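Trainee: Please give me a close look at one part of this model. Start from a single spot and work outward.

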Amino acid sequence: LVVHGAAGRDLMNEEARGEPNPNAGLIAELLAAGATIELCGQTAAMRDITQEDLLPGVTIGLSAMSTHALLQQQGYTLNPF
């Protein structure tokens, strides 16, 4: 799962958000099931989001575009909706 833009806030922990994250349980379940969740590094930079601001297990990549390209080389396809 590659996240960018305003949706980056949905990956942030309670301390960084200033309120509970209603997505935290779902994100934990996805990670436990083997999913990877990566925040676009360009989004992180523009929105001042650091690795410490993210829920456990969520990572920051270089950019959404580079992550999409790498995943496509591994056989994944892009679904923009």
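Mentor: Threonine 43 sits in helix 3, residues 41-46. Helices here are DSSP runs of H or I, at least four residues, and strands are runs of E, at least two, all numbered from the N terminus. The model is a predicted one: local features need pLDDT of at least 70, side-chain atom pairs count only at pLDDT 80 or more, and totals for chains, interfaces and linings use all residues. Residues are numbered from 1 along each chain as its sequence is written, and side-chain values use heavy atoms, with hydrogens and water left out.

Threonine 43 counts as buried because its relative accessibility is 8%. Buried means under 20% relative accessible area, exposed means over 50%, and partly exposed lies in between, with a 1.4 Å probe and protein chains only. Beyond the residues up to four places away in sequence, threonine 43 touches His4 and Gly5. Contact means heavy atoms within 4.5 Å.

Step back to the loop between strand 2 and helix 3. Cysteine 40 lies there. Cysteine 40 has 6% relative accessibility, so it counts as buried. Its contacts, leaving aside neighbours within four places in sequence, are Val3, His4, Gly61, Ser63 and Ala64. His4 thus turns up again, since threonine 43 touches it too. Cysteine 40 and methionine 65 are 25 residues apart along the chain, yet their C-alpha atoms are separated by 8.2 Å. Valine 2 is 38 residues from cysteine 40 in sequence, with 7.0 Å between the C-alpha atoms.

Now go past the other end of helix 3. Aspartate 48 is in the loop between helix 3 and strand 3. Aspartate 48 has a relative accessible area of 65%, so it is exposed. Its backbone stands out: phi is positive, about 55°, although the residue is not a glycine. Most residues other than glycine have a negative phi.

Next, the sheet. Three strands form an open sheet in the order 1-2-3, with parallel pairing. Two strands pair if DSSP finds at least two bridges between them. Strand 1 (2-3) and strand 3 (59-60) are at the edges; each has a single partner strand, so one side of each is left without a neighbour in the sheet. Strand 2, residues 38-39, runs parallel to strand 3 and is joined to it by 2 bridges. In that pair, glutamate 38 stands opposite threonine 59.

Valine 2 belongs to strand 1. Valine 2 is buried because its relative accessibility is 18%. Past four places in sequence, valine 2 is in contact with Glu38, Ala64, Thr67, His68 and Leu71.

Valine 2 leads to the largest pocket, about 300 Å³ in volume. Of its 13 lining residues, Leu1, Val2, His68, Leu71 and Thr77 are closest to the centre. A pocket is an open set of points on a 1 Å grid over the protein atoms alone, where a 1.4 Å probe fits and protein lies on both sides within 12 Å along at least five of seven lines; lining residues have an atom within 4 Å of a point. Points are joined across faces, edges and corners, and the volume is the space filled by probe spheres set on them. Helix 4 (residues 64-73) gives the largest share of the lining, 3 residues.

Finally, the interior. The largest nonpolar core has 11 residues: Val3, Leu11, Met12, Ile27, Ile37, Leu39, Ala44, Ile49, Leu54, Leu55 and Val58. Such a core is a set of buried Ala, Val, Leu, Ile, Met, Phe, Trp, Tyr and Cys residues joined through side-chain atoms within 4.5 Å. Leucine 11 is in the loop between strand 1 and helix 1. Leucine 11 is buried, because its relative accessible area is 4%. Outside its sequence neighbours up to four places away, leucine 11 touches Val3, Asn21, Ile27, Ile37, Leu39, Asp53, Leu54, Leu55 and Val58. Isoleucine 37, counted in the same way, touches Leu1, Leu11, Ile27, Leu30, Leu31, Gly57, Val58 and Thr59.

Aspartate 10 shares the loop between strand 1 and helix 1 (14-17). Aspartate 10 is partly exposed, at 34% relative accessible area. Its contacts beyond four places in sequence are Arg17, Asn21, Asn23, Ile27 and Leu55. Proline 22 is 12 residues from aspartate 10 in sequence and 8.1 Å away, C-alpha to C-alpha.
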